[in-house]
Amino acid sequence: MLAGIYLHIPFCQVRCAYCDFNTYAGLEGLIPAYTQALCTEIDQVGRGAQEVGLGRVEVNTLFLGGGTPSLLPVGQVKAILDAVRMAFDVREDAEISLEANPGTVEIGQLVALRTLGVNRLSFGVQSAQENELQLLDRLHTFAQAAEAVAWARQAGFDNLNLDLIYGIMGQTLPAWQDSLRRALELNPEHLSLYALAVEDGTPMQARVLAGTLASPDPDLAADMYEWARDELRLVGYRHYEISNWARGGERDDGLTPQYACRHNLGTWRLQPYLGLGAGAHGSVPGWRYANARHPSDYMRRVRSSAPGRFPFSPAVAETWQVDAETERREALMLGLRLVEEGVEARGFRERFGVDLESSFGRTLADLGEQGLLEHRAGRLRLTPRGHLLGNRVFVHFV
């Protein structure tokens with residue numbers, strides 16, 4: 001079995017106003033115990049695969065996400081990666097990504113991470129405007145982001161992603177253009193651009209509901225997206241997923257650039273991945289699952305329970321059995337996020353034994369008439385208009 005592994009690190013210095021991820025501020029004292037529990041879960045899942053006859057699961061991508069994984073001392077990261085390599089067969093060319101916030105890294109730490117085998121960093125830059133960073137509750141400045149990128153280059157990293165947010169309340173188109181252009185001056189191999197969403201239960205939503213903060217302007221956000229799409233094409237970035245752009249020549253598939261995130265590509269292609277850590281989700285054929293969310297509950301479950309049957313660990317709090325029709329819908333919904341690749345009609349038929357048309361013909365025809373989908377060269381893709389209105393498409397396959 002070939003799979004990616006997602007490792008969730010739920011700790012943050014401050015929980016950002018817009019964030020609804022499974023993250024916790026002020027619990028950094030739990031990091032050593034949490035790391036130990038995560039290593040235990042890694043071992044349990046690896047042994048579980050062997051007990052059901054799968055042998056050592058082959059791993060082609062590792063992604064340490066959060067939260068703020070860069071808050072972990074280097075020794076804790078080493079313990080986690082050592083545990084993964086003991087429990088699984090990690091390919092020599094595996095993509096090993098780590099999310100980091102500017103202001104939480106320094107040159108010696110980055111050199112050590114590169115030595116450990118981490119070969120891709122994702123920096124949460126978000127904006128180059130001080131007022132926007134303050135609104136988002138980000139602790140860093142853009143100068144610190146630029147410094148972090150410079151240190152990463154000195155440490156030997158040649159695969160960097162920068163996250164940016166557009167559609168922020170009060171953000172103007174010129175301010176967004178300045179943020180993106182200043183990010184481009186840092187020469188990242190990859191860019192992830194996300195429209196700000198006001199999520200339920202966040203401090204930002206509370207301010208919007210109280211009337212002290214305006215809601216984002218969706219029309220202005222659409223203008224920002226379209227400008228960024230055009231600008232990035234002009235400077236040599238390929239738009240390979242709705243919110244993601246990358247540089248580099250084509251991979252063997254001819255449809256994705258060299259620096260496209262391999263871990264996320266596996267998710268969008270509905271390939272298996274194991275979710276480990278508090279609140280992590282996993283996906284294997286026929287099953288989806290989620291671990292206990294709070295770090296204390298997660299650690300208690302790992303310590304007190306016997307190993308579960310692969311892919312489930314004692315930390316798993318929810319499981320869903322997925323039937324064939326649901327997997328087809330997931331494959332279509334996720335695959336349509338890929339701008340050039342889309343969903344190949346032949347590959348879909350070979351994988352699921354049915355045609356796209358026989359499964360979703362009427363729906364696909366309606367979406368095509370609305371100008372949201374197109375069939376071209378044996379592939380089903382979103383149109384440029386569909387990139388802006390993707391949720392209108394995806395809701396049909398949830």
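**Notebook: helix packing, a pocket and local backbone**

Entry 1, helix pair. I looked up helix H6 (residues 173–184) and helix H8 (residues 218–234), and I found that they pack at an angle of about 30° with their axes 10 Å apart. I note that the model is predicted. I recorded the crossing of H6 and H8 as right-handed. On the H6 side I listed Leu173, Trp176, Gln177, Leu180, Arg181 and Leu184. These meet Leu220, Met224, Trp227, Ala228, Glu231 and Leu232 in H8. By class, I entered the residues of this contact of H6 with H8 as 9 nonpolar, 1 polar and 2 charged.

Entry 2, pocket. I turned next to the second largest pocket, which holds about 250 Å³ of space. I found 16 residues lining the second largest pocket, and I noted Glu341, Gly342, Val343, Glu344 and Arg351 as the closest to its centre. Helix H11 (324–335), strand S15 (343–344) and helix H12 (345–352) are the elements that each give two or more residues to this lining. I asked which element supplies the largest share of the lining. H12 does, with 4 residues. I divided the residues of the lining into 8 nonpolar, 3 polar and 5 charged.

Entry 3, salt bridges. I searched the whole structure and recorded 21 salt bridges. The background is that side chains of opposite charge can pair when their charged atoms come close. I examined the salt bridge between Arg47 and Asp43, where the closest N and O atoms are 2.9 Å apart. I located both Arg47 and Asp43 in helix H1 (residues 31–51). They are 4 residues apart there, about one turn of the helix.

Entry 4, backbone. I kept in mind that most residues other than glycine have a negative phi, and that most peptide bonds are trans. I found a cis peptide bond joining Gly66 and Gly67, with omega at about 15°. I placed Gly67 in the loop between strand S4 (58–66) and helix H2 (74–87). I also found a cis peptide bond joining Phe310 and Pro311, for which omega is about 5°. Pro311 sits in the loop between helix H10 (295–304) and strand S14 (316–321). I then asked where Gln126 lies. I assigned Gln126 to strand S6 (residues 120–126). I entered its phi as near 75°, a positive value in a residue other than glycine.

Note on methods. Residues are numbered from 1 along each chain as its sequence is written. This is a predicted model: local features need pLDDT of at least 70, side-chain atom pairs count only at pLDDT 80 or more; totals for chains, interfaces and linings use all residues. Side-chain values use heavy atoms; hydrogens and water are left out. On a 1 Å grid over the protein atoms alone, a cavity is a set of points where a 1.4 Å probe fits but cannot get out, and a pocket is an open set with protein on both sides within 12 Å along at least five of seven lines; lining residues have an atom within 4 Å of a point. Grid points are joined across faces, edges and corners, and a volume is the space filled by probe spheres set on the points. Ala, Val, Leu, Ile, Met, Phe, Trp, Tyr, Cys and Pro count as nonpolar, Asp, Glu, Lys and Arg as charged, and the others, Gly among them, as polar. Axes are lines fitted to C-alpha atoms, for helices over the stretch in contact, and angles run from 0 to 180 degrees between N-to-C directions. A crossing is left-handed if the near helix is turned anticlockwise from the far one by less than a right angle, and right-handed if clockwise. Contact means heavy atoms within 4.5 Å. A salt bridge is a side-chain nitrogen of Lys or Arg within 4 Å of a carboxyl oxygen of Asp or Glu.
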